[in-house]
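This briefing covers one structure, topic by topic. Please keep the sequence and the 3D view open while reading.

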Amino acid sequence: TTQYLEEADRLADRIVVIDHGRAIAQGTAAELKDRAGGARIEITLAEAADLSRAWEVLSRYADGPVAVEQHSRRLVAPITGGSATLVDAVHQLDSMGIAVLDVALRRPTLDEVFLKLTGHLSEPQPESEAVSR
């Protein structure tokens, strides 16, 4: 049993999420992360002027809205298809002459899963914890 979701992610084979004394979800860390929205592509561009064209490209691959962070020249797109989708999107950006400084494929953390499942952050209290076995 642990309240530390990062620890549960690293050590547990199966996880039961308990909120206010009630089991609300269970599965492997990967299964719970998939239920919370799966993976996302995060791309940082060299030039802010390319944000709108890059947004158009990522929108074709995204499973939801593509977030644009103007100040950091960063785009975040929820996806399915994992690394194949990432590779295709980066190749498309490259073929359009859009310079990419950084690219990542990220899965949600268990903290993000907990927030999505419960609507609130996990708290270090007995009634809101992740139980691992």
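Glu42 has a relative accessible area of 9%, so Glu42 counts as buried, the limit being under 20%. The model is a predicted one. Glu42 forms a salt bridge with Arg74, with 2.9 Å between the closest N and O atoms. Because Glu42 sits in strand E3 and Arg74 in strand E5, this pair ties together parts that are 32 residues apart in sequence. The points below take up the salt bridges, the sheet that contains E3 and E5, and a few single residues.

**Salt bridges around Glu42**

- Arg74, the partner of Glu42, is partly exposed, with a relative accessible area of 22%.
- Salt bridges that share partners join Glu42 and Arg74 into one network with Arg40, Glu69, Arg106 and Glu112.
- The structure as a whole holds nine salt bridges.

**Salt bridges at helix H2**

- Asp9 and Lys33 meet through their side chains in a salt bridge, at 2.8 Å from N to O.
- This pair links distant parts of the chain, with Asp9 in helix H1 (residues 5-11) and Lys33 in helix H2 (residues 29-35), 24 residues apart.
- Lys33 counts as buried because its relative accessibility is 11%, while Asp9, at 28%, counts as partly exposed.
- A salt bridge also joins the side chains of Arg14 and Glu31, at 3.6 Å from N to O.
- Arg14 lies in the loop between H1 and E1 and Glu31 in helix H2, so here the parts tied together are 17 residues apart in sequence.
- Both residues of this pair are partly exposed: Arg14 has a relative accessible area of 33%, and Glu31 has one of 40%.

**The four-stranded sheet**

- Four strands form an open sheet in the order E4-E5-E3-E6, and their pairing is antiparallel.
- Strand E4 (67-69) and strand E6 (100-106) are the edge strands, each of which pairs on one side only.
- From one strand to the next, the twist averages 15°.
- E3 and E5, the strands that hold Glu42 and Arg74, run antiparallel and are joined by six bridges.
- Arg40, one of the residues in the salt-bridge network, has Pro78 in E5 as its bridge partner.
- E4 and strand E5 (residues 74-79) also run antiparallel, and three bridges join them.
- The bridge partner of Val68 is Leu75 in E5.
- Helix H3 (residues 51-61) lies across strand E3 (39-45), E4 and E5, and runs at about 10° to E5.

**Turns and loops with positive phi**

- E4 and E5 make a hairpin, with four residues between the two strands.
- Which residue in the turn of this hairpin has a positive phi? The residue is Arg73, with a phi of about 60°, although Arg73 is not a glycine.
- Arg73 counts as partly exposed because its relative accessibility is 25%.
- His20 is likewise a residue other than glycine with a positive phi, in this case near 50°.
- The loop between strand E1 (15-19) and strand E2 (22-27) is the place of His20.
- With a relative accessibility of 49%, His20 counts as partly exposed, since exposed means over 50%.

**Thr85 in helix H4**

- Is Thr85, a residue of helix H4 (residues 82-95), buried or exposed? Thr85 counts as buried, because its relative accessibility is 11% and the limit is under 20%.
- Leaving aside residues up to four places away in sequence, Thr85 touches Ile41, Tyr61, Ile79 and Thr80.
- Of these contacts of Thr85, Ile41 falls within strand E3 (39-45) and Tyr61 within helix H3 (residues 51-61), while Ile79 falls within strand E5 (residues 74-79).

Methods
Residues are numbered from 1 along each chain as its sequence is written. This is a predicted model: local features need pLDDT of at least 70, side-chain atom pairs count only at pLDDT 80 or more; totals for chains, interfaces and linings use all residues. Side-chain values use heavy atoms; hydrogens and water are left out. Two strands pair if DSSP finds at least two bridges between them. Axes are lines fitted to C-alpha atoms, for helices over the stretch in contact, and angles run from 0 to 180 degrees between N-to-C directions. Contact means heavy atoms within 4.5 Å. Buried means under 20% relative accessible area, exposed over 50%, partly exposed in between (1.4 Å probe, protein chains only). A salt bridge is a side-chain nitrogen of Lys or Arg within 4 Å of a carboxyl oxygen of Asp or Glu.
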